[in-house]
Amino acid sequence: MTDCIFCKIVAGEIPSAKVYEDDKVYAFLDTSQATEGHTLLVPKVHVENLMEYDESLAADVFSRLPKISRAILAANPEAKGINVLNNNGEVAYQTVFHSHIHIIPRYSKEEGFAVSFANNQESYTQEAFQERAQRIAAEI
Ligand code: 5GP
Ligand code: ZN
């Protein structure tokens, strides 16, 4: 895609700090460095978000995650964990619309990135819970 910043990075048209590349994916440091070593993994093909992946592209991208994550930890021995984050859609905080996976090494719970889920368990019945699951299952 001509006007996509990550396509330009993949093509080498704008500089990046490359971590890994093969025929299907490209991984490079996120300029924000939420924590030291924060890396983005992208498919070379331009797709906007996860919903545009077929199974083959999903295998291409997600099969590379473990070895890149291991390398980030090996290169940063003080990191003790990894958050994998993938934003899809503006409402989900996606700002670059070439699909990408954030790999964020964690040095402490207080640093760089926070995850917090609401627990709404009190607000629905068991029937509503099952009905929600069935509605999704019917679409797969
Ligand atoms: P999103 O919010 O879409 O999940 O994440 C987009 C990420 O891309 C942000 O964390 C931002 O720092 C990163 N980013 C945006 N432009 C560039 C760039 O030109 N080079 C690199 N390496 N990262 C970028
Ligand atoms: Zn692109």
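Here a biologist asks and a modeller answers about a predicted model.

Biologist: How many helices and strands does the protein chain have, and what pattern do they follow along the sequence?

Modeller: This is a predicted model, and its protein chain has four helices and five strands. The C-alpha atoms fill a box of roughly 50 × 35 × 25 Å along the principal axes. Read along the sequence, the pattern is α-β-β-β-α-α-β-β-α.

Biologist: In what order do the strands lie in the sheet?

Modeller: In general, strands of a sheet pair through backbone hydrogen bonds, either parallel or antiparallel. Here the pairing is antiparallel, and the sheet is open. The edge strands are β1 (18-21) and β4, each pairing on one side only. The order is β1-β2-β3-β5-β4.

Biologist: Which residue stands opposite glycine 81?

Modeller: Look at β4 and β5, which run antiparallel and are joined by five bridges. The residue opposite glycine 81 lies in β5. That residue is arginine 106.

Biologist: At about what angle does helix α3 run to β5?

Modeller: Two helices can be placed against the strands here. Helix α2 packs on the sheet, touching β2 (25-29), β3 and β5, and its direction makes about 150° with that of β3. Helix α3 (residues 65-75) lies across β1, β2, β3, β4 and β5. Its angle to β5 is about 30°.

Biologist: Which element gives the most residues to the largest nonpolar core?

Modeller: In soluble globular proteins, nonpolar side chains tend to be buried together. The largest nonpolar core here has twelve residues, including Val25, Leu57, Ile68 and Ile103. β2, α2, α3 and β5 each supply at least two of them. The top contributor, with three residues, is α3.

Biologist: Which residues does tyrosine 53 touch, leaving out those up to four places away in sequence?

Modeller: Tyr53 belongs to the largest nonpolar core. Val47, Val61 and Ile101 are also members of that core. The full list of contacts for tyrosine 53 is Pro43, Val47, Ala58, Val61, Phe62, Ser99 and Ile101.

Biologist: Which residues are the protein donors of the zinc ion (ligand 2)?

Modeller: The site is tetrahedral, with angles of 106 to 117° among the four donor atoms. In sequence, the donor residues are spaced C-x2-C-x38-H-x51-H. The donors lie 2.0 to 2.3 Å from the zinc ion (ligand 2), and they are Cys4 (SG), Cys7 (SG), His46 (ND1) and His98 (ND1).

Biologist: Why does the pair of histidine 46 and histidine 98 tie together parts that are apart in sequence, and how many residues apart are they?

Modeller: Histidine 46 lies in the loop between β3 (39-43) and α2 (55-62). Histidine 98 lies in the loop between β4 (81-85) and β5 (101-106). The two loops are separate parts of the chain, so the pair ties together parts that are 52 residues apart.

Biologist: Is histidine 98 buried or exposed?

Modeller: A residue counts as buried under 20% relative accessible area. Histidine 46 is at 25%, so it counts as partly exposed. Histidine 98 has a relative accessible area of 0%, so it is buried.

Biologist: What is the phi of tyrosine 93?

Modeller: Most residues other than glycine have a negative phi. Tyrosine 93 lies in the loop between β4 and β5, and it is exposed, with a relative accessible area of 68%. Its phi is positive, near 75°.

Definitions and conventions: Residues numbered from 1 in each chain as written. Chains lettered and ligands numbered in written order. Predicted model: local features only at pLDDT ≥ 70, side-chain atom pairs only at ≥ 80, totals over all residues. Heavy atoms only, no water. Donors = N, O, S within 2.8 Å, 3.2 Å for Na, K, Ca; no water. Tetrahedral: all angles 85-135°; square planar, octahedral: opposite > 155°, others 65-115°. Buried < 20%, exposed > 50% of the residue type's maximum accessible area, 1.4 Å probe, protein only. Pairing = 2+ DSSP bridges. Contact = heavy atoms within 4.5 Å. Axes fitted to C-alpha atoms, helices over the stretch in contact; angles between N-to-C directions. Core = buried A, V, L, I, M, F, W, Y, C linked by side-chain atoms within 4.5 Å.
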